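I sat down with this structure to look up its pockets, its cores and a couple of single residues. My notes follow in the order I took them.

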Amino acid sequence: DDLVFPEILAHARRARIVNVGKRAGKPSTPQDRINGLLVRLARRGWNVVRLKGGDPMVFGRGGEELLALRRAGIEADIVPGITSGVAVPATLGVPVTHRGLVTGVAFITGQCRDDREPDWAALVRSGLTLVVYMGLARLPRIVESLTRAGMPASQPALAIQDGTRPTQRHVSAPLSTLAGAVKTAGLAGPCLIVIGEVTRLAGTDLSTLCIGDAA
């Protein structure tokens, strides 16, 4: 996968490495071809590892690939990882849930098939932390959809580029100005968007912020 840190591949000394990464707006390997490659190589009797960044079952198409293997009668094991929607905010000291502040988190894709949109109004009413994957290219539209659905323009938000890597950068801004702040900072993909009160905790001593007793 394109999001795997290159240094990790140094440990694959006896493996044939096949790059099938996907990046929005760039030439990439079609998913059907990836599925076919997994099946074809496994049928040769090889041990095949589909190495991804984060967790393969959270916007990683791990489910689609697992189904393709099952249809071909090939057994596969899933090794879970830590999804970037949790790990990347944590590098800034931002918990996606926090007692007394927010009761849950919603993971959302910024790239929907057939232009289907999430139920933005329901997400706003939920009061949950919103973590948007692959949303950089559509950030102005996402901001517009959320504000139209009733989210305050002042809602705090973060955009984080290259999460957990040495090149990591981020900007924080109210929702209404987030897209402009991202453009000014020149952030590029991969970039994670986090929206909600928990983003105020970036760089804060979390031990002093157990507000109330609510889970």
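Before sorting any lining by class, I fixed the terms: Ala, Val, Leu, Ile, Met, Phe, Trp, Tyr, Cys and Pro count as nonpolar, Asp, Glu, Lys and Arg as charged, and the others, Gly among them, as polar. I also noted that the model is predicted.

**Largest pocket**

With those classes I went to the lining of the largest pocket and found 21 nonpolar, 13 polar and 14 charged residues. The lining comes to 48 residues, and Leu-3, Lys-22, Phe-59, Tyr-133 and Met-134 lie nearest the centre of the pocket. I wrote down a volume of about 1700 Å³ for this pocket. Which elements each supply at least two residues of its lining? I found α2 (62–71), α3 (84–90) and β5 (191–195). Of the elements, α3 gives the most, with three residues.

**Second largest pocket**

I entered about 700 Å³ for the second largest pocket. Its lining has 24 residues, and those nearest the centre are Arg-16, Ile-17, Val-18, Val-49 and Leu-51. By class I have 17 nonpolar, three polar and four charged residues in this lining.

**Overall layout**

I then stepped back to the whole chain. The protein has six helices and five strands, and from the N terminus on they run α-α-α-β-α-β-α-β-β-α-β. I noted a C-alpha trace that spans about 55 × 40 × 35 Å along its principal axes. Of the 215 residues, 35% are buried. Among contacts with a separation of 6 or more, I found that 65% are between residues 24 or more positions apart.

**Nonpolar cores**

I kept one general point in mind: in soluble globular proteins, nonpolar side chains tend to be buried together. Here the largest nonpolar core has 23 residues, and Leu-130, Leu-146, Ala-159, Leu-178, Ile-193 and Ile-195 have the most contacts inside it. At least two residues of this core come from each of β1 (105–109), α4 (120–126), β2 (129–133), α5 (139–148), β3 (156–161), β4 (169–174), α6 (175–185) and β5. The helix α5 gives the most to this core, with four residues.

I followed up Leu-146. Leaving aside neighbours within four places in sequence, Leu-146 is in contact with Trp-120, Val-124, Leu-130, Met-151, Leu-175 and Ile-195. Apart from the largest core I found another, of 12 residues, including Val-88, Val-102, Leu-192 and Val-198.

**Gln-161**

Is Gln-161 buried or exposed? I put Gln-161 down as buried because its relative accessibility is 10%. Gln-161 is found in strand β3. Beyond four places in sequence, its contacts are Thr-167, Gln-168, Arg-169, Gly-186, Leu-187, Ala-188, Pro-190 and Cys-191. I also noted that the side chain of Gln-161 reaches the backbone nitrogen of Ala-188 at 2.7 Å. For a longer distance I took Ile-78, 83 residues apart from Gln-161 along the chain, and the two C-alpha atoms are separated by 27 Å.

**Thr-29**

Where is Thr-29 found? I located Thr-29 in the segment before α1 (31–43). With a relative accessible area of 11%, Thr-29 is buried, the cut-off being under 20%. Past its neighbours within four places in sequence, I listed Asn-19, Val-20, Gly-21, Lys-22 and Ile-34 as the contacts of Thr-29. I marked Lys-22 in this list, since I had already entered Lys-22 among the residues nearest the centre of the largest pocket.

Key. Residues are numbered from 1 along each chain as its sequence is written. This is a predicted model: local features need pLDDT of at least 70, side-chain atom pairs count only at pLDDT 80 or more; totals for chains, interfaces and linings use all residues. Side-chain values use heavy atoms; hydrogens and water are left out. On a 1 Å grid over the protein atoms alone, a cavity is a set of points where a 1.4 Å probe fits but cannot get out, and a pocket is an open set with protein on both sides within 12 Å along at least five of seven lines; lining residues have an atom within 4 Å of a point. Grid points are joined across faces, edges and corners, and a volume is the space filled by probe spheres set on the points. A nonpolar core is a set of buried Ala, Val, Leu, Ile, Met, Phe, Trp, Tyr and Cys residues joined through side-chain atoms within 4.5 Å. Buried means under 20% relative accessible area, exposed over 50%, partly exposed in between (1.4 Å probe, protein chains only). Contact means heavy atoms within 4.5 Å. A polar contact is a pair of N or O atoms within 3.5 Å; within protein, one must be able to donate a hydrogen and the other to accept it, and residues adjacent in sequence count only if both atoms are side-chain atoms.
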